[in-house]
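Here are a few short exercises to work through with the model open in your viewer. Try each task first, then follow the solution step by step.

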Amino acid sequence: MGEGICDYTRFIVDLRRHMWLDGVETELRRLIWQIAVTGKYISAKIHESNRKLAGFQNLYGEEQLSLDRSSDEILKNQLQYSGFVREYASEEQDQVVEIGKGTEQYFVTADPLDGSSLVDTNLAIGTIIGIHKESIFARGRDSMVAALYITYGPLITMVYSAGKGAHEFVLNREGEYVLSQENITMKEKGSIYSPGGIRKDCSLGHCRFLEYLESERYKLRYSGGFVPDINQILIKRGGVFTYPAVQKSPNGKLRMLFELQPMAFIVEQAGGCATNGRDDILSLKIDELDQRSPVYIGSRFEVEKAKEFLSNSAA
Ligand code: AFP
């Protein structure tokens, strides 16, 4: 049997065994799958991109690349025709978009191309997706049923969770996703840290936390892309990413709906945790589309240590 056919057979068996066994509802399994497949079309767009500005700004006043808008369009269309999605909220859209007939059971949030400002540097970037069962204006822990991210790097990988562990698929040369890591589980403690923000704009507690990590010889790993930075912490089974409150943005830079909730969902499923420095990210209620939060996310030891430094300095 040719290797290609063998690969394909193994892939189908892996996919069915893995996704069937973890008890994911058929519609949700198919929706996750369709979003993962969209990653192939977005990746093709990245490869033909010329980093041309689209001449538009998003809700946050950020310049939109034509790539941002085309990735958003690809995703929205795929979700619209999936038949499973009632509403679509995206970092590139000014408001929530009704894309279904009003009876579908899922609400999807998307950062279609996070880190797109890195495209010209050829660093890895990604797509971040949250899947909710009810309105997205709730606590993540109550509304979320799944999350996934796709990393466009030397390989295209998709990490997802539907509430039964975190698992990684890699796109093989036949253009099929093959299960590569199942039930990813982080250690209690890691050895890398990703510190976003400008240190002199951060609180004393935050600076003391970073100094602690450096005194413990943690290695600095920061690319400026949330997806590859989180993916590194997950695949290396430990470490911490932070984008704290800073002077000009007391709520930090990263968006709750489009970046923090999906990654918190996946990291928790891998045995890690995610906080704003005091409360779990998934326990925070979403009131606005563009809601941001400071974030400390990764293995348990480092996140708890961050909370300790922040509360001691706040006292
Ligand atoms: P872009 O999507 O504008 O490239 O921003 C990426 C991002 O939202 C997130 O992916 C990074 O973790 C963070 O910004 C990096 O921010 P700094 O450039 O301030 O470090």
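**Exercise 1: the ligand and its shell**

How many Å from an oxygen atom of the ligand does a polar side-chain atom of Asp 114 lie? Then look for other polar partners and describe the shell.

*Solution.* This is a predicted model, and every distance here is computed from it.

- Step 1. The distance from a polar side-chain atom of Asp 114 to an oxygen atom of the ligand is 2.5 Å.
- Step 2. Tyr 243 also brings a polar side-chain atom, 2.7 Å from an oxygen atom of the ligand. In Phe 226 the partner is a polar backbone atom, 2.8 Å from a ligand oxygen atom.
- Step 3. On its own the ligand has 480 Å² of accessible area, and the protein covers 77% of that.
- Step 4. Now widen the view: the ligand is surrounded by 13 residues, with Ser 117 and Tyr 222 also among the closest. By class, the shell holds five nonpolar, five polar and three charged residues.
- Step 5. Domain 1 (7–181) and domain 2 (192–314) each supply at least three residues of this shell.

**Exercise 2: checking two helices**

What span should helix H2 have at 1.5 Å a residue? Do the check for H2, then repeat it for H3.

*Solution.*

- Step 1. Helix H2 covers residues 26–47, which is 22 residues, so the span should be 32 Å. The end C-alpha atoms of H2 are 32 Å apart, in agreement.
- Step 2. Helix H3 (residues 66–82) has 17 residues, so 24 Å is expected, and its end C-alpha atoms are indeed 24 Å apart.
- Step 3. Next, look at burial. The buried residues of H2 include Leu 28, Arg 29, Ile 35 and Gly 39. In H3, the buried ones include Leu 67, Asp 68, Lys 76 and Leu 79.
- Step 4. Just past the end, H3 is followed by Gly 83, with a positive phi near 85°.

**Exercise 3: two positive phi values**

Is Asn 183 partly exposed or exposed? Classify Arg 217 as well, and place both residues in the chain.

*Solution.*

- Step 1. Start from the background: most residues other than glycine have a negative phi.
- Step 2. Asn 183 has a positive phi, near 50°, and sits in the loop between strands S10 (177–181) and S11 (192–195). Its relative accessibility is 45%, so Asn 183 counts as partly exposed.
- Step 3. Arg 217 also has a positive phi, near 65°, in the loop between helix H5 (204–215) and strand S12 (219–220). Because its relative accessibility is 72%, Arg 217 counts as exposed.

Technical notes
Residues numbered from 1 in each chain as written. Predicted model: local features only at pLDDT ≥ 70, side-chain atom pairs only at ≥ 80, totals over all residues. Heavy atoms only, no water. Near = heavy atom within 4 Å. Polar contact = N/O pair within 3.5 Å; in protein donor to acceptor, adjacent residues only side chain to side chain. Areas by Shrake-Rupley, 256 points an atom, 1.4 Å probe, with all protein chains shown as cover. Nonpolar A, V, L, I, M, F, W, Y, C, P; charged D, E, K, R; others polar. Domains from an automatic or database assignment. Helix = DSSP H or I, 4+ residues; strand = E, 2+ residues; numbered from the N terminus. Expected span 1.5 Å × (residues − 1). Buried < 20%, exposed > 50% of the residue type's maximum accessible area, 1.4 Å probe, protein only.
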